Amino acid sequence: YEKIGAGLPSEVEESRQALLWVLNAADGETSLLDVAERASLPFAVVEDTALLLEEAGLVREHRR
């Protein structure tokens, strides 16, 4: 995940944690807000990370 992580904001540790949490929770049922709350991370960091993962083709948006 270092290649993807290179584009993350300067809060490197938060961004790495968000990356791992989003990938782990990418089940089509868990929202980004749920991830942020469970991980105790700012929603903006989780959302930015999810967008980067989507651009890399690793996750996609799931509409309920």
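At what angle do helix α3 and α4 pack, and how far apart are their axes? Let's start there. Helix α3, residues 32-39, packs with α4 at an angle of about 125°, and the axes are 9 Å apart. Axes here are lines fitted to C-alpha atoms, for helices over the stretch in contact, and angles run from 0 to 180 degrees between N-to-C directions. That angle makes α3 oblique to α4. On the naming, angles under 35 degrees count as roughly parallel, over 145 as roughly antiparallel, 65 to 115 as roughly perpendicular, and the rest as oblique.

Quick housekeeping. This is a predicted model, where local features need pLDDT of at least 70 and side-chain atom pairs count only at pLDDT 80 or more, while totals for chains, interfaces and linings use all residues. Residues are numbered from 1 along each chain as its sequence is written, and side-chain values use heavy atoms, with hydrogens and water left out.

Now the overall picture. The protein chain has 4 helices and 0 strands, running α-α-α-α from the N terminus. Helices (H or I, at least four residues) and strands (E, at least two) are DSSP runs, numbered from the N terminus. Of the 64 residues, 28% are buried; buried means under 20% relative accessible area, exposed over 50%, and partly exposed in between, with a 1.4 Å probe and protein chains only. Among contacts between residues at least 6 apart in sequence, 49% join residues at least 24 apart, a contact being heavy atoms within 4.5 Å.

Back to α3 and α4. The crossing is right-handed; a crossing is left-handed if the near helix is turned anticlockwise from the far one by less than a right angle, and right-handed if clockwise. On the α3 side the contact is made by Leu 32, Leu 33, Val 35 and Ala 36, and on the α4 side by Phe 43, Val 46, Glu 47 and Ala 50. Those residues divide into 7 nonpolar, no polar and 1 charged. For the classes, Ala, Val, Leu, Ile, Met, Phe, Trp, Tyr, Cys and Pro count as nonpolar, Asp, Glu, Lys and Arg as charged, and the others, Gly among them, as polar.

Zoom in on Val 35, in helix α3. Val 35 is buried, with a relative accessible area of 3%. Leaving aside neighbours within four places in sequence, Val 35 is in contact with Trp 21, Val 22, Ala 25, Thr 30 and Val 46. Val 35 and Val 46 are 11 residues apart in sequence, with 7.4 Å between their C-alpha atoms.

Next, the other partner of α4. Helix α2, residues 12-25, crosses α4 at roughly 65°, and their axes come within 9 Å. That crossing is right-handed too. From α2 you get Glu 14, Ser 15, Ala 18, Leu 19, Val 22 and Leu 23; from α4, Val 45, Val 46, Thr 49, Ala 50 and Leu 53. The split is 8 nonpolar, 2 polar and 1 charged.

Val 45 sits in α4, residues 43-55, and counts as buried at 10% relative accessibility. Not counting residues up to four places away in sequence, Val 45 touches Glu 14, Ser 15 and Ala 18. The C-alpha atoms of Val 45 and Ala 18 are separated by 6.8 Å, with their positions 27 residues apart along the chain.

One last oddity to look at: Ser 40, in the loop between α3 and α4. Its phi is near 55°, a positive value in a residue other than glycine. Most residues other than glycine have a negative phi. Ser 40 is exposed, with a relative accessible area of 66%.
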